[in-house]
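Please open the model in your viewer, with the sequence panel beside it, and follow the selections below in order.

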Amino acid sequence: MASISSLGIGSGLDLNGLLDQLQTAERAKLQPIAEQVQSANTTVSAYGALKSAVSTFQDATQALNDTSSFESLTTNVEGDGVIAIASSEAQAGRYDVEVDQLATAGSLVTERLDSADESVVSGEQTLSFALTEGSMPEITIADGSSLEDIRDAINDQGGGQVTASIINDGQGYRLSVMSSETGADASIESTNFSTILSGDVTTSDTQVVQKGQNAAFNVNGIDIVSASNQVEGAIQGMTLTLTEAGTSSTIKVEQDNEALRENVNTFVESFNTLKSTLNTLTNFDVETGQSGGLNADATTRAVERELRQAISGMTGGDGFNVLSDVGISLQTDGTLKVDDEKLDNVIATQPDRLAQFFAGSSEGGGMAGQINTSLERLVGDGGRLDTAKENAESRVESLQERYSRTEERIGQTVERYRVQFQAMDSMVAQMNQTGAYLEQQLGMLAQTNQS
């Protein structure tokens, strides 16, 4: 509240200073509430950081609870001539591929003309192409069209089945038409190009037709023919792209051990990060007296207890039962450590048992599923951390309302002091005036008596 400059004029007292002191004393009541708001906000932030760390660990756990993460494959090609891409349906194995010939598109080159941009057609004409398989639309050629115009008409009206261009063979110009598809059945057999030309147009040489051909290759001794150089289904779950004839390649489809190892390491690293976050949030520094945002917090202790029980749990079955069976051990400081040699051996020799251990036969049956169930009780809707964070946020809101109400009451109290000070100032001023008047009257009376 601002100082009232008019106070004290009547009484001569420093009422403004006194009012400021009273206001400062009243506002001191806000400090404990402000400290409680800050503490509650710190708790909210701490719960947020803890929930984030638990959620990250849960993501890593869920990755191991998915059986498909244990079925990831990697594809390597040794040699040239083929590119291989595996889908989720591919099977591990070795495939020897020999490419005898690539699939090519059929083409037709017309007779030679002297010019590419001079008119060679009189009246509207219809150009057609005969295909080995299927048919294509007839092409309307406008009156006065040049070889370039005929090319453009084919590209515009051909329905994408063929593409046309112009070749200069050094002696003249030819129209070259190529099928958009590869394979023997996509060949262009013939065209009526020469019959649509004007009678005075001179041509030389003859049409040249090159038939399309199918790709021919061999997989593990089995001969395969394909109209396309991109082949699906020759090997289950794989797409082969043939790139060079007369080549041999070996395709190896293997379990992606590196991806699986990375998933396990991510699981361990995210747990250790969570453990570090817990240590930071619950830490108490004896020398400085500073404590973490969740020091001595009951919910946080429950989270630690839940995590410890989850990672120390056992799975039923004839295979691996505890984390240490697959090379993951719990250290004295509460973190996890990977025995790389043991884990690599398990991944290489017993991937099925590893999958059974982590993912189990049902969503919550394996170790990862059991841990995920525990984590869901912590960070799921209505979980411990959600509830604790919501309660802390409610406390912040309540304290902020309390701060506002207290500040409003302080303002009312200071205003009451100001009104009282004004009344007192006015009363003292009146008393001073009365005293001065009486003093004056007494002085006059004394003078009268002396005379």
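Two strands are taken to pair when DSSP finds at least two bridges between them. What you have open is a predicted model, and the tour begins with a pair of strands that meets this criterion.

**First stop: the five-stranded sheet**

Select strand β3 (residues 93-101) together with β12, and you will find the two running antiparallel and joined by four bridges. Within this pair, highlight Val 99, which stands opposite Phe 217 in β12. Now widen the selection to the whole open sheet, whose five strands follow the order β1-β16-β3-β12-β13 with antiparallel pairing. At its edges are β1 (73-79) and β13 (222-226), each of which pairs on one side only. If you look across the sheet, the twist from one strand to the next averages 25 degrees.

Stay with strand β12 (residues 215-219) and pick out Asn 218, which lies in it. Is this residue buried or exposed? Asn 218 has a relative accessibility of 12% and therefore counts as buried, since the cut-off for that label is under 20%. Show its surroundings next: apart from neighbours within four places in sequence, Asn 218 is in contact with Asp 96, Val 97, Glu 98 and Asp 223. Then draw a distance from the C-alpha of Asn 218 to that of Val 201, and the viewer should show 50 Å, although the two residues are 17 apart in sequence.

**Second stop: the three-stranded sheet**

Select β2, β15 and β14, which form an open sheet in the order β2-β15-β14, again with antiparallel pairing. The edge strands here are β2 (82-86) and β14 (230-232), and each pairs on one side only. From strand to strand the twist averages 20 degrees. Turn then to β2 and strand β15 (residues 238-242), which run antiparallel and are joined by five bridges. To see one facing position, label Ile 83, which stands opposite Thr 241 in β15.

**Third stop: helix α7**

Move to helix α7 (residues 351-359) and colour Leu 354, Ala 355, Phe 357, Phe 358 and Ala 359, which are buried. Looking down the axis of α7, you will see these buried residues fall within an arc of 165 degrees, so they line one face of the helix. To see what covers them, display the surrounding elements, among them α2 (30-64), α4 (257-282), β17 (328-330), α6 (340-349) and α8 (367-379).

Two of the coloured residues deserve a closer view. Phe 357 counts as buried because its relative accessibility is 1%, and Phe 358 is likewise buried, with a relative accessible area of 0%. How are the rings of Phe 357 and Phe 358 arranged? They form an edge-to-face aromatic pair, with 4.9 Å from centre to centre and 65 degrees between the planes. Add Phe 57, Phe 267 and Phe 271 to the selection, and you will have a cluster in which ring pairs link these residues with Phe 357 and Phe 358.

Two further selections complete this stop. Show Arg 353 and Phe 320, where the charged end of the arginine sits over the ring, 4.5 Å from its centre. Finally, step just past the end of α7 to Gly 360, which takes a positive phi of about 65 degrees.

Terms used:
Residues numbered from 1 in each chain as written. Predicted model: local features only at pLDDT ≥ 70, side-chain atom pairs only at ≥ 80, totals over all residues. Heavy atoms only, no water. Buried < 20%, exposed > 50% of the residue type's maximum accessible area, 1.4 Å probe, protein only. Arc of directions from axis to C-beta. Contact = heavy atoms within 4.5 Å. Phe/Tyr/Trp six-rings, centres within 6.5 Å; stacked < 30°, edge-to-face > 60°. Lys NZ or Arg CZ within 6 Å of the ring centre and 35° of its normal. Axes fitted to C-alpha atoms, helices over the stretch in contact; angles between N-to-C directions.
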